[in-house]
Amino acid sequence: MNLPAQHTASHAGTASKVQRDPHGLTAGNKRARLMDRLFKNYFLFSILALCLVLAMVVFFIGRTAILTFGDVSLAEFFFSFDWTPEEDRFGAALFIVNTLSLTALTMIIAVPISVGMAILIAEIAPNWLQKIIRPLLDLLVGIPSIVYGYLGLTVLLPMLRELSGEGLGDGLLAAALVLTIMILPTISRISDDAISAVPKKYRDASYALGSTRLQTIFKAVLPAAGRGIIASVILGMTRAIGETMAVVMVIGNTPQLAKSLFAPASVLTSNIVMQISNVEFESTWNYSLHMMAFLLLLISFALILLIRFVGRKREV
């Protein structure tokens with residue numbers, strides 16, 4: 001007969017342990033809200049810190065770069081192909097053209113191969129082959145760029161000399177091939193993830209309408225994964241346009257316009273790294289190199305915005 005009384009007393013004791021504030025929140029709920037607020041503030045601080053760092057990079061490089069035009073006109077810097085700093089001639093047009101040419105050539109070679117590999121991994125390859133290729137690509141992403149440059153210098157250049165009959169073999173083609181090998185894992189893995197994320201119902205619906213496997217891949221799967229593939233191309237392109245050490249080792253580092261794929265040339269990044277340590281800080285030469293770095297930032301931003309615009313137009 002004492003059980004109901006004991007049960008009531010136990011229930012009352014348990015209820016008394018749950019502390020509530022005037023708003024009806026338990027101690028556990030208050031802790032959860034506090035943790036949510038802390039994480040929200042932490043992420044907000046991280047975003048603001050990232051924006052601040054990016055703004056500082058742009059500001060400090062731009063502040064030094066703009067001093068170039070105290071002694072050099074805009075027309076000379078952007079449209080002249082004469083880069084002879086010893087004679088106070090600072091025409092950067094040849095480096096700009098070479099940079100855009102190298103980036104375009106790299107993407108022409110790398111994008112079809114990378115997207116094709118992603119299709120193979122996600123849609124065609126058996127599971128055992130996927131388990132081999134994916135970790136291998138992840139491993140290739142982490143290899144330092146100087147290793148690729150060294151392999152290009154010791155393996156690729158002799159092959160190009162033998163195939164082309166050229167005396168040196170370095171130039172845009174060698175640099176583009178090295179950059180292709182470097183960015184191929186990045187584009188392939190991100191495209192692979194984007195293709196794998198396409199819902200199975202898309203494929204089932206395509207097969208139900210009588211499509212072949214190839215039609216399903218190119219008409220249903222790839223359009224659905226388009227935004228992820230474009231993002232992978234953007235990441236690959238930004239790495240290609242900003243790469244330095246691998247390009248320096250195989251492009252020839254000659255300040256001239258590349259008139260053939262095997263002519264030694266120089267791009268913005270290679271010219272900066274080869275000359276920045278040999279000039280006085282408060283000199284037009286140094287300001288011009290900073291202007292090249294600033295221009296490299298602007299080109300990267302412009303290409304990213306352009307590809308995003310193209311991707312948005314494709315979705316419409």
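The turns below walk through a predicted model, from its annotated spans to its surface, rings and charged pairs.

Visitor: Which residues does the UniProt annotation "transmembrane region" cover?
Guide: The annotation comes from an unreviewed UniProt entry. It may be inferred rather than shown by experiment. The residues it covers are 42-70, 90-120, 132-151, 171-191, 229-251 and 287-310.

Visitor: How far apart are the end C-alpha atoms of residues 42-70?
Guide: Residues 42-70 are one of the spans in that UniProt annotation. In the model the span is 83% helix and 0% strand. Its end C-alpha atoms lie apart by 43 Å.

Visitor: And what separates the end C-alpha atoms of residues 132-151?
Guide: This span is also in the UniProt annotation. It is 85% helix, with 0% strand. The distance between its end C-alpha atoms is 23 Å.

Visitor: Which element gives the most residues to the nonpolar patch?
Guide: The patch covers about 770 Å² of surface and is made by Ile146, Val147, Tyr150, Leu151, Val155, Met159, Met245, Val273 and Met274. Two elements give two or more residues each: α6 (145-164) and α12 (268-275). With six residues, the top contributor is α6.

Visitor: Is Val273 buried, partly exposed or exposed?
Guide: Val273 sits in helix α12 and is part of the nonpolar patch. Its relative accessibility is 34%. Buried needs under 20% and exposed over 50%. Val273 therefore counts as partly exposed.

Visitor: Which residues of α12 are buried?
Guide: Six of the eight residues of α12 are buried, so the helix is largely enclosed by the rest of the structure. Val273 is partly exposed, at 34% relative accessibility. The buried residues are Leu268, Thr269, Ser270, Asn271, Ile272 and Gln275.

Visitor: How do the rings of Phe77 and Phe78 pair?
Guide: The structure holds eight aromatic pairs. In this one, the ring centres are 5.1 Å apart and the planes stand at 85 degrees. Planes over 60 degrees apart meet the cut-off. The pair is therefore edge-to-face.

Visitor: Which of these two counts as buried, and which as partly exposed?
Guide: Phe78 has 26% relative accessibility, so it counts as partly exposed. Phe77 has 0%. The buried one is Phe77.

Visitor: What parts does the pair of Trp83 and Phe95 tie together?
Guide: The ring centres of Trp83 and Phe95 are 5.4 Å apart, with planes at 85 degrees, so this pair is edge-to-face. Trp83 is buried at 5% relative accessibility, and Phe95 is buried at 0%. The two residues are 12 apart in sequence, so the pair ties together strand β1 (residues 83-84) and helix α4 (residues 93-124).

Visitor: Which backbone oxygen lies 2.8 Å from the side chain of Thr68?
Guide: Thr68 is in the loop between α2 (27-65) and α3 (74-79). It is buried, with a relative accessible area of 0%. A polar atom of its side chain lies 2.8 Å from the backbone oxygen of Ala65.

Visitor: Where is Asp170, and what separates its C-alpha atom from that of Pro158?
Guide: Asp170 lies in the loop between α6 and α7 (172-196). At 13% relative accessibility, Asp170 counts as buried. Pro158 is 12 residues away along the chain, and the C-alpha separation is 9.3 Å.

Visitor: Which side chains meet that of Arg89 in salt bridges?
Guide: Arg89 is partly exposed at 40% relative accessibility. One bridge spans 3.5 Å, N to O, and goes to Glu87. Another spans 3.2 Å, N to O, to a residue that is partly exposed at 28%. The partners are Glu87 and Asp82.

Visitor: Which helices does the salt bridge of Arg203 and Glu123 tie together?
Guide: The side chains meet at 2.6 Å, N to O. Arg203 is buried at 14% relative accessibility, and Glu123 is buried at 15%. The residues are 80 apart in sequence, so the bridge ties together helices α8 (residues 200-208) and α4.

Visitor: Which residues do salt bridges that share partners join into one network?
Guide: The structure holds eight salt bridges. Some share partners and form one network. Its members are Arg134, Asp138, Arg189, Asp192 and Asp193.

Key
Residues are numbered from 1 along each chain as its sequence is written. This is a predicted model: local features need pLDDT of at least 70, side-chain atom pairs count only at pLDDT 80 or more; totals for chains, interfaces and linings use all residues. Side-chain values use heavy atoms; hydrogens and water are left out. Patches are made of residues with over 30% relative accessible area and no salt bridge: like charges are joined within 9 Å, nonpolar side chains (Val, Leu, Ile, Met, Phe, Trp, Tyr) within 5 Å. Accessible areas come from the Shrake-Rupley method with a 1.4 Å probe; for residues, only the protein chains shown count as cover. A salt bridge is a side-chain nitrogen of Lys or Arg within 4 Å of a carboxyl oxygen of Asp or Glu. Helices (H or I, at least four residues) and strands (E, at least two) are DSSP runs, numbered from the N terminus. Buried means under 20% relative accessible area, exposed over 50%, partly exposed in between (1.4 Å probe, protein chains only). Rings of Phe, Tyr and Trp (its six-membered ring) pair if their centres lie within 6.5 Å; planes under 30 degrees apart count as stacked, over 60 as edge-to-face and the rest as tilted. A polar contact is a pair of N or O atoms within 3.5 Å; within protein, one must be able to donate a hydrogen and the other to accept it, and residues adjacent in sequence count only if both atoms are side-chain atoms.
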